[in-house]
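This report considers selected features of the structure shown below. It turns from charge pairs to annotated sites, and then to the surface and to contacts between remote parts of the chain.

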Amino acid sequence: MAKDLVLKKCDLQLEVNGHDHHTADLCRERLVVRRGQPFRLTLHFEGRSYEASTDSLTFSAVTGPAPSVEAGTKACFPLSSAVEEGAWAAAVLNQQDGVVSLQLSTPASAPIGLYRLSLEASTGYQGSSFMLGHFTLLFNTWCPADAVYLDSEEERQEYVLTQQGFIYQGSVKYIKNTPWNFGQFEDGILDICLTLLDMNPKFLKDAWRDCSRRSSPVYLGRVVSAMVNCNDDQGVLLGRWDNNYKDGVSPMFWISSVDILRRWKSSGCQRVKYGQCWVFAAVACTVLRCLGIPTRVVTNFNSAHDQNSNLLIEYVYNKFGEIQRDKSEMIWNYHCWVESWMSRPDLQPGYEGWQALDPTPQEKSEGTYCCGPVPVRAIKEGNLSTKYDAPFVFAEVNADVVTWILQDDGSMCKSTNNSQTVGMKISTKSVGSDEREDITHIYKYPEGSPEEREAFKRANHLNKLTAKVETELAMRIRVGQSMNMGSDFDVFAYITNKTVKSHTCRLLLHARTVSYNGVLGPECGTKDLLDLSLEPLSEKSIPLRILYEKYRECLTESNLIKVRGLLVEPDTNSYLLAERDIYLENPEIKIRILGEPKQNRKLVAEASLRNPLPMPLLGCTFTMEGAGLTEEQKTVDVPDPVEAGEEAKVRVNLLPCQVGRHKLVVNFESDKLKAVKGFRNIIIGPA
């Protein structure tokens, strides 16, 4: 009788499989592969070799605490002579003496997660079991049978593999790119993402069902959307919008998902303070890319928060142009969410592709603070019955703005608003470059087109179907030169009389600091002209001076000032409102690289910033991070005050571990100048 097979060792071929599966950065200690694509392993037997005629080898792959064949979380499959793909299978590639090279295949619909791989070897009536090791299975955008398949290699590189990017902030008239380190392949991040899945309430309630449903990117998208915020669970981030962040970290300070996720894990999965929309979106992007789902961060400028689902944002002002906050819904300067690419077998054909997911806790969806995934195409077509949360996302990009003026007797008078259009300059980073891509067209048809009108009909958006009334007067808020932090500057109310008769009006101009979510701060400039004469067919420009000494103490880290003009014509009791959000530009952070940028060779990064304010900066710090450039975030203090016009300067040692193009992200903080961001692309060559 033949002796039992004795397995000496199993080589999971980390380097070969990591290269083939685009997981090399994850495969340093454990095998990480993508579903629907074969991977290799080598069995080393001692005593005697494997003989197909005598020995029977059966493999077992299981995931989750209660694996079962029925749930798809357990698979048993024999070693065969023919290579089979698209199912759990194993085949011999090569055999020499006691070494057997194998190819293992997984289905493109298998649940993702951490698997235990074992081997049952039997010879005749005798058998032995061997633990071969653990491997992590991810979604596979390179596999045509996978629900997350993308047919563009450039897009696969950008939306799954790229670890750095930009998030767009500022205002619709001044869009700024904020660099961000997603770092989905940094040490420990994959394990943290798997922990996040195991902390979700659906897993804690029914692990058997939750692990089974991890085959679906639609399901995983909803789980991640809920777990990035902590409103219903032990999620990652606590949101806060009141500018009081002393017991945590200001949302504007973050430059990296890696720092946030590591803090969450090291604290025993306690919520990290604090996040706002772009931070929630960036962390969700990191988790989804890490799990293999193509994902990008999207910014919608002039984003509506429609609380009563009537597709209207109603603003109420008093007759002095002051907003009555308790009577108003909100338009955020911008709002960020993510889009993930996947098929939608749960919906009618045609809804595959980009799906909007929003992890910022705003409204509940099926009892949980999450939003999506909803097909972007359904938003464009106005099909609001489409799962999930289509009405809320549709309103974010399409709600109409109605402005009311509260009269002395308590009645309301409707005002014309020339400047508020919801859903503008919807932005994401371009594929393969640092440029901004405008994707408004994938959410909305051109304004006034027949297709737009049909979409509004389907959405029952009656207000948008009403013809707009032409006004006799028009007003816009204009700016002169670019406005820099610390400067005094002028803004202008630009008024046009389109009629052949004169008008006498009252003009109220107000400037107030504002947070990006539309919450107003103190006043920093005002002008009241009681008898403004407007000649027939004329234009008039009225300046308002805004002084640094007025806004310096009340400006939020958003660097935004809202200028609002209210033109009142007493004779006809008519009101015309115009407003504009002004972004104050921060000084540039200059970054120099000292040394030859080569793998595993020490580099020095020098960061500097010139103080633009007419007073010293105290408590200055630079924080730097970059995937493939730093093992962890580095913060360096500037020891002395930085006088007006002088430079703050620090140096940090880098040790690049990966060849290729990397982005060093820098944040500067001080007592009077906060959340200044900068970046430098660094190309690392081989040693």
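Within helix α2 (residues 153-161), R156 and E153 are placed three residues apart, about one turn of the helix. Their side chains form a salt bridge in this predicted model, with an N to O distance of 2.9 Å. The two partners are covered to unlike extents: R156 counts as buried, its relative accessibility of 11% being under the 20% cut-off, whereas E153 is partly exposed at 31% relative accessible area.

Side chains of opposite charge can pair when their charged atoms come close. Over the whole structure, the search finds 35 salt bridges. Two further pairs are described here.

D389 is joined to R222 by a salt bridge in which the closest N and O atoms are 3.6 Å apart. This pair connects distant parts of the chain, 167 residues apart: D389 belongs to the loop between α9 (376-381) and α10, and R222 to helix α6 (residues 217-227). R222 is buried, with a relative accessible area of 6%.

A salt bridge also links E606 with R651, and here the closest N and O atoms lie 2.9 Å apart. Again distant parts of the chain are brought together, since E606 is in strand β31 (residues 603-610) and R651 is in strand β34 (residues 647-654), 45 residues apart. E606 counts as buried, at 5% relative accessibility.

The three pairs are set out in the table.

| Salt bridge | N to O distance | Places in the chain |
|---|---|---|
| R156 and E153 | 2.9 Å | both in helix α2 (residues 153-161) |
| D389 and R222 | 3.6 Å | loop between α9 and α10; helix α6 |
| E606 and R651 | 2.9 Å | strand β31; strand β34 |

Charge pairing also extends beyond single pairs: R240, D242, D247 and K273 are connected in a network of salt bridges.

**Annotated sites**

An unreviewed UniProt entry assigns the feature "active site" to C277, H335 and D358. These residues are spread over 82 residues of sequence but cluster in space, with a largest C-alpha distance of 9.7 Å. C277 is located in helix α8 (residues 277-291). Its relative accessible area is 0%, and C277 is therefore classed as buried, the limit being under 20%.

The feature "binding site", likewise taken from an unreviewed UniProt entry, is placed at N398, D400, E447 and E452. These positions span 55 residues in sequence, yet no two of their C-alpha atoms are more than 13.9 Å apart, so they gather at one spot. Two of the annotated residues illustrate opposite degrees of cover. N398, in helix α10 (residues 390-398), is buried with a relative accessible area of 5%. E447, in the loop between α11 (440-443) and α12 (450-458), is exposed with a relative accessible area of 74%.

**An enclosed helix**

How many of the ten residues of helix α3 (residues 189-198) are buried? The number is eight, so helix α3 is largely enclosed by the rest of the structure. The buried residues in α3 are I189, L190, I192, C193, L194, T195, L196 and L197.

**Surface charge and sequence-remote neighbours**

On the surface, K173, K425, R476 and R478 gather in a patch of positive charge. Among them, R476 is located in strand β23 (residues 473-479) and is partly exposed, with a relative accessible area of 44%. K425, found in strand β21 (residues 424-429), is also partly exposed, at 33% relative accessible area.

K425 also has a neighbour from elsewhere in the sequence: K425 and N302 are 123 residues apart along the chain, while their C-alpha atoms are 8.8 Å apart in space.

T416 offers a further case. This residue lies in strand β20 (residues 412-417) and is partly exposed, with a relative accessible area of 29%. The C-alpha atoms of T416 and L566 are separated by 9.9 Å, although the two residues are 150 residues apart along the chain.

Technical notes:
Residues numbered from 1 in each chain as written. Predicted model: local features only at pLDDT ≥ 70, side-chain atom pairs only at ≥ 80, totals over all residues. Heavy atoms only, no water. UniProt positions renumbered as here; feature names shortened; annotations may be inferred. Helix = DSSP H or I, 4+ residues; strand = E, 2+ residues; numbered from the N terminus. Buried < 20%, exposed > 50% of the residue type's maximum accessible area, 1.4 Å probe, protein only. Patch = residues over 30% accessible without salt bridge, like charges linked within 9 Å, V, L, I, M, F, W, Y side chains within 5 Å. Areas by Shrake-Rupley, 256 points an atom, 1.4 Å probe, with all protein chains shown as cover. Salt bridge = Lys/Arg side-chain N within 4 Å of Asp/Glu carboxyl O. Lys, Arg positive; Asp, Glu negative; His and termini not counted. Charge placed at Lys NZ, Arg CZ, Asp CG, Glu CD.
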